[in-house]
Amino acid sequence: MKTLILAVAIRIFIPIFVFFSLYILIRGHNHPGGGFIGGLICAIGFIFHTMTHGPKETSNTFFTVRYYRLTPERGQGFLLHKLIILYKNLFRKEEVRTGSEWHKRQFRIDPIFIIASGLFLATTSGVFSLLANQPYMTGVWADYYLPIIGKPGTPILFDLGVYLLVLGVVLKITFIMAEE
Amino acid sequence: MQHLILVLPLLIPLYGAILCLFFWRKLGVQRVIGVATQLSLCAASAYLLSETDQAGILTTHIGNWEAPFGITLVADLFSSLMVVASAVVGIAVFVFSLRGLSNARLLYGYYPLLLLLQMGVNGVCLTGDLFNLYVWFEVLLICCFVLIALGGSKPQLEGSIKYVTINFLASSFLLIGIGMVYGILGSLNMAELAVLIRAAEDNHGLITLASVFFLIGLGIKSAIFPLFFWLPASYHTPPIAISAFIAGLITKVGLYTLIRLFTLLFVLNQDIVLPLLLVASGLTMVVGVLGAAAQVDFRKILSFHIVSQIGYMLMGLAIFTPLAIAGSIYFIIHNILVKTCLFLISGVVYRTNGSFTLKNLGGVYLFQPLLAAMFVIAAFSLAGIPPLSGFWGKFMLAKAGLEVGQFGLVATSLSVSILTIFSMTKIWNEVFWKKRPRTDVTADAAMAEINVADKPVIRLLHLPVLFLVLAILFIGLYAEPLVSLAFRASEQLLNSEIYINAVLLK
C-alpha cells in the first residue's frame, strides 16, 4: 500500500504513538491504561510503517542498532574493550565516524528479543519480594517520588514487561504476515 | 521460605525458557541452559517434596492477597509427587532430545517450548484456584499443540488438528463448569469452594451438573472411555522426544485434576458420580487394551495402552477408599515413568532400525541386548509382574476393590493385565525376537553402517532409558517409601479439612 500521504504522515506519527503509549503505560497504575494497551498503541505506528514500506524497511529503520567497532589492542581486557566501544559510540560520535580504525557494524533486534526481555522483566519484577521473604509478586515500593513516574515500585517493572511482550508479539506477527 | 520453594517449580522452567528465547537459533547455548534448568528443576521439586513430607501442606498467596481473593499456590504430597515425577521425566526426555530430534525442529524453539510445557504441568499441580487451573491447562495445551505440530510433516498436522479441536472442546466444557460453580457459589478458590459446597443446603443438583461438566472436560483431556478417540490418533505422530513427554505426562495431569476436584470439591451426590466412574474405568481398560491388540505400529500399541492404563487410575477414584486413592496415586507415578520409558525405547529402536512398524522390525535382541533387557523390565512393569512397580499399584487397587466388593471391576482389571502382557509379548516377539525380515539387503548394510557411525549418539540415547528403568526398578523393588507417601497423600486428599485449614487460616 504505497500512498505518499500515509508514508509521509507515518514518520511524524510514529513518535507520537510511542510517546502516547509510554504515557498510557505510566498512568496505568491508578487509571485506565497499563502495559497491555500501551504495547498495542506503541505497535500501531510500526504496523502502519510496515504497511507502507514493508517489513524489511521497518526493521532496518527502527530495529537495527548501528555502531562502530574497534579491533582490540594487544593485551587489552575484554571488558575494557567493550566499554571503550560503548563510550565512544555514545559520546564521541564524530571521532568514531571519521576514525579509520573503526568499522561499521549493525545488529538487528528481532522481535523475539523484545518478547524475551519483556517476559524477563515481568517475571523478575515478582522476584524482588521473594528476597524480602514475602510471597511472589508482592509489590515492593520505594520511599521517594520521581517526577512524571511517581513512586517507583516493582509493578511498573511488571507493566513494562507486559508492554515489551505485547509490542514484541504484535511486531512478530506483523512482520510474518507482511512477508507473505 | 515456603514462598520461594512453591514458586521455584514454576519460575525455574520459565527463566530457562526466557534465556532460551534470548539465544534463539543458538542450539548449543540452549542445550547448556536446558541441562542447567532441568537439573535445578529436579533439585527444586525434590526439595519441595521433602518439605511437604515434613511440614505438611504448604501454601503461598501470590502478591500477598489473602486466600479467597488472591491466587493461592498449594503443595500437598500428591501435587509434589506429580511435580517430582514430571521433573524426572523432563530430564530423561531432555537428554533424549539432545540427539533424538532433527535440527530443523530444534531450531523452531523445541527447548523453550518443552520448558514452558513443564511449567504448565507444574502450574496445574500446584494451583489452588479453579480459574487459575484452567489457565495453566491452556498454557500446557498450547505448548502441546505447537510441539505436536513442530516440523509440520503431514501426519503431524493431521494429528495436531485432531488434538487441538478436541482439546478446545474439552477446555470449553471445563470453562462452562467453572462458570457454573462460580455462578452458584460465588468463589473460585478451591479451599473456599470446598467449604461452601459442604455447607450448601440447596442447589445440590446444579453442583452435580457442574461436576459432570468437569468430568467431561477433564475426561476428554485424560482420555476416559467414550472420549478417548483423539489420543491414539494424535499421540504417535510427532517425533519420539516430543510424544514421549506428552504421552507420559499430559493425560495423567488431567487425571490428577480429576482426583483433586472429585476428592476436594464434588463430594455431594457421590452415589450418582462414582458408579459412572466405575463403569467408565472398566470400559476404558478393556477398550484400550483391545484397541492395542489390533495395532501393528510400535507407537500406536503404546498409545492405546495409555488409554487402558488410565482406566486403572480412574478405578481408584471410583472405589473412593483411602487404599484405592493411594493405589491410584502410586499407579499414576509408576505409569508416568514406565510409559515415557517405553516410548523412548521405541524411539531408540526407530533410530537404530529405521521403522516403527512391527512387520519391518526384528532381531533387535541380537544387536542391542541391553535395550531388549530394559524393554522387558519396562513392559513387565507395565503389565504388573510381581517384583516390578506395576504390580504394587495393581495390587493396591485390586485389594481396595475386593474390600468394597467390586468383584466385577477387579476381575476386569486383572484380565486386562493379562491382555497387556499379550500386547507386550507381541512387541517383544516382533521387534526383539523374530529374525530381521530379509526384504532388502542394502537396508541391512546401511543399518550396520549407522550402528558404527552413530555409536556415541546411540549410547547417549540409551542413557535416559537406562535412567528411567533404574527409577522404575527403584520404585518397584523398594516400593515402601513411595507407597507410604501415596498413603499419606491419599489421607490428605480424603481429609479435606487439612487442605482447607492450610489455605484459609494461614
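1. The contact between the two chains draws 15 residues from chain A and 15 residues from chain B. Two elements of chain B, α1 (2–22) and β1 (58–61), each give at least two residues to the side that touches chain A. Helix α1(B) has the largest share of that side, with nine residues. By type, this side of chain B holds 10 nonpolar residues, five polar and no charged. Please keep in mind that this is a predicted model.

2. Next, the make-up of chain B. It has 22 helices and two strands. Of its 506 residues, 58% count as buried. Contacts across the sequence are frequent here: among contacts in chain B with a separation of 6 or more, 80% join residues 24 or more positions apart.

3. How does the radius of gyration of chain B stand against that of a compact globule? A compact globule of 506 residues would have a value near 23 Å, and chain B has 22 Å, so the two agree. The C-alpha atoms of chain B fill a box of roughly 75 × 55 × 40 Å along the principal axes.

4. One helix of chain B deserves a look: α22, residues 496–504. Which of its residues are buried? They are Tyr499(B), Ile500(B), Ala502(B) and Val503(B). Seen down the axis of α22(B), the buried residues fall within an arc of 165°, so they line one face of the helix.

5. What does that buried set pack against? The partners of the buried residues of α22(B) are all in chain B: the strands β1 and β2 (72–75), and the helices α8 (190–199), α11 (240–264) and α21 (480–494). Strand β1 of chain B thus appears twice in this note. It packs with the buried residues of α22(B), and it supplies at least two residues to the side of chain B that touches chain A.

6. Now chain A. It has seven helices and two strands. From the N terminus on, the order is α-α-α-β-α-α-β-α-α. Of the 180 residues of chain A, 27% count as buried. Among contacts in chain A with a separation of 6 or more, 68% are between residues 24 or more positions apart.

7. The radius of gyration of chain A is 20 Å, but a compact globule of 180 residues would have one near 16 Å. Along its principal axes, the C-alpha trace of chain A spans about 55 × 55 × 30 Å.

8. The domain assignment splits chain A in two. Domain 1 covers 4–62 + 109–179, and domain 2 covers 66–107. Domain 1 is therefore written as two segments, with domain 2 falling between them in sequence. How far apart are the C-alpha centres of the two domains of chain A? They lie 30 Å apart.

9. A residue to inspect in chain A is Leu25(A), found in helix α1 (residues 4–27). Is Leu25(A) buried or exposed? Leu25(A) counts as buried, because it has 23 C-beta neighbours inside 10 Å; the cut-off for a buried residue is 20 or more.

10. Finally, the surroundings of Leu25(A). Leaving out residues up to four places away in sequence, Leu25(A) touches Gly33(A), Gly34(A), Gly35(A), Gly38(A), Asp159(A), Leu160(A) and Tyr163(A). One of these, Asp159(A), is 134 residues from Leu25(A) in sequence. In space, the C-alpha atoms of Leu25(A) and Asp159(A) are 7.1 Å apart.

Conventions: Residues are numbered from 1 along each chain as its sequence is written. Chains are lettered from A and ligands numbered from 1 in the order in which they are written. This is a predicted model: local features need pLDDT of at least 70, side-chain atom pairs count only at pLDDT 80 or more; totals for chains, interfaces and linings use all residues. Two residues are in contact if their C-beta atoms, placed from the backbone, lie within 7 Å. Helices (H or I, at least four residues) and strands (E, at least two) are DSSP runs, numbered from the N terminus. Ala, Val, Leu, Ile, Met, Phe, Trp, Tyr, Cys and Pro count as nonpolar, Asp, Glu, Lys and Arg as charged, and the others, Gly among them, as polar. The radius of gyration is taken over C-alpha atoms; the globule rule is 2.2 Å times the number of residues to the power 0.38. A residue is buried if 20 or more other C-beta atoms lie within 10 Å of its own, exposed if 12 or fewer, and partly exposed in between; C-beta atoms are placed from the backbone. The arc is that of the directions from the helix axis to the C-beta atoms. Domain bounds come from an automatic or database domain assignment.
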